[in-house]
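Hi everyone, thanks for coming. Let me put a structure up on the screen, and then we can walk through it together.

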Amino acid sequence: MANALVNVPARARRGEIIEIKTLIQHEMETGYRVGTNGNMIPRDIITDFVCKYNGEEIFRADLFPAIAANPFFTFYTVATESGSISFEWIGDNGFTAAETATITVE
Amino acid sequence: MKRALLVAAWLIIAAPALAAEIPLGERKSGYDLMGPDTRAMQDDDTANPGMLWVLDGEALWNSKAGAAGTACADCHGDARASMKGVAARYPAFDATLGRPVNLEQRINLCRVGHQQAAPLPYESRDLLALTAYLAEQSRGAAIEAGIDPQLEPFVAKGRELFMQRQGQLNLGCANCHDDNWDKRLAGSAITQAHPTGYPLYRLEWQSLGSLQRRLRSCISGIRAQAYDYGAPELVELELYLMSRARGMPIEAPAVRP
């Protein structure tokens, strides 16, 4: 499975705005490039990214061929309660990756 | 007397033609010349894409390979302890070969000699990952390459190549990296050729790459024929550049635009 790095603050105050950062390893091959053999290199990209906070979707992104290799997302949410924040990436050729982080809200 | 005057005259005439090396106090890493966004990317280990290769490298370090069925960790143990500061000394002198080898070559010598495995191709994902993992163990350590007196002739050869004009544009490395590092080329900062962060993630490459990849693209840029990966000339150049940067901290895996 591809390496993924997520950065979620371990602790936060209730109601605090927290920054979440994620980085995933992926070639993001556009499908528009020609290989050294003259044939088109088939498209191989991540198509979807979803972030859930205690099971509830808080962020979603659709990805397209113009997005650089190793996509990096940073976004914000409000720390409402302690629990887990899960991340899922889905892509071409059955690519899936998942990561979870825990947060303590006090 | 006449002879001394002639020498003095020659020195005065020749001096402007000789590229001046950058004074110690004015040395900068590419980090100091890049924008705040790229710096922030390098500084945060969860935003620095080079860390993805480091993770791969750690897995490779602990996985068995080759006919001997040994992992790097079986001999070297925990890289965090055993490999601390090692990358800061490379390229280093290899007594068997009688010449300097860079970190990639050292990894492959170990693979062939001790693990009895096939050498990893240059710029392959696995070789970059292992190199990045090793280099990361030296983060913050001062560069010590080229101190070994046996390396002296090779540093000198590397320096010679650095000063040598070549290619259709008739440029030497020094013409940009010593004489014009405070200017820009096509909007990008011209750096001082202090390779503190290799292997590094270039946003332009969208990948990690070695110092030799950087050197080869620079050589193609002056429209000269680039040396092959692992060529002695490239290792000597690498050695000279690292010895120029002696005392500067290792940043690997760095991020550059």
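I'll go from the overall fold to one pair of residues. Please keep in mind that this is a predicted model.

What elements make up chain A? Chain A has 8 strands and 0 helices. Read from the N terminus, then, you meet β-β-β-β-β-β-β-β. The radius of gyration of chain A is 16 Å, while the globule rule gives 13 Å for 106 residues, so chain A is more spread out than a compact globule. You can also look at the C-alpha trace of chain A, which spans about 60 × 20 × 20 Å along its principal axes.

How much of chain A is buried? Of its 106 residues, 23% are buried. Now the contacts: among those in chain A with a separation of 6 or more, 58% are between residues 24 or more positions apart.

On to the sheet. In chain A, 5 strands form an open sheet, and the order is E2-E8-E7-E4-E5, with mixed pairing. Which strands are at the edges? They are strand E2, residues 11–12, and strand E5, residues 56–62, both in chain A, and each of them pairs on one side only.

Let's stay with E2(A) for a moment. Its partner is strand E8 of chain A, residues 96–105; the two run parallel, and 2 bridges join them. If you'd like a spot to find on the screen, try A:Arg11, which stands opposite A:Thr104 in E8(A).

That's my tour, and I'm happy to go back to any part of it.

Terms used:
Residues numbered from 1 in each chain as written. Chains lettered and ligands numbered in written order. Predicted model: local features only at pLDDT ≥ 70, side-chain atom pairs only at ≥ 80, totals over all residues. Helix = DSSP H or I, 4+ residues; strand = E, 2+ residues; numbered from the N terminus. Rg over C-alpha atoms; globule rule 2.2 N^0.38 Å. Buried ≥ 20, exposed ≤ 12 C-beta atoms within 10 Å, placed from the backbone. Contact = placed C-beta atoms within 7 Å. Pairing = 2+ DSSP bridges.
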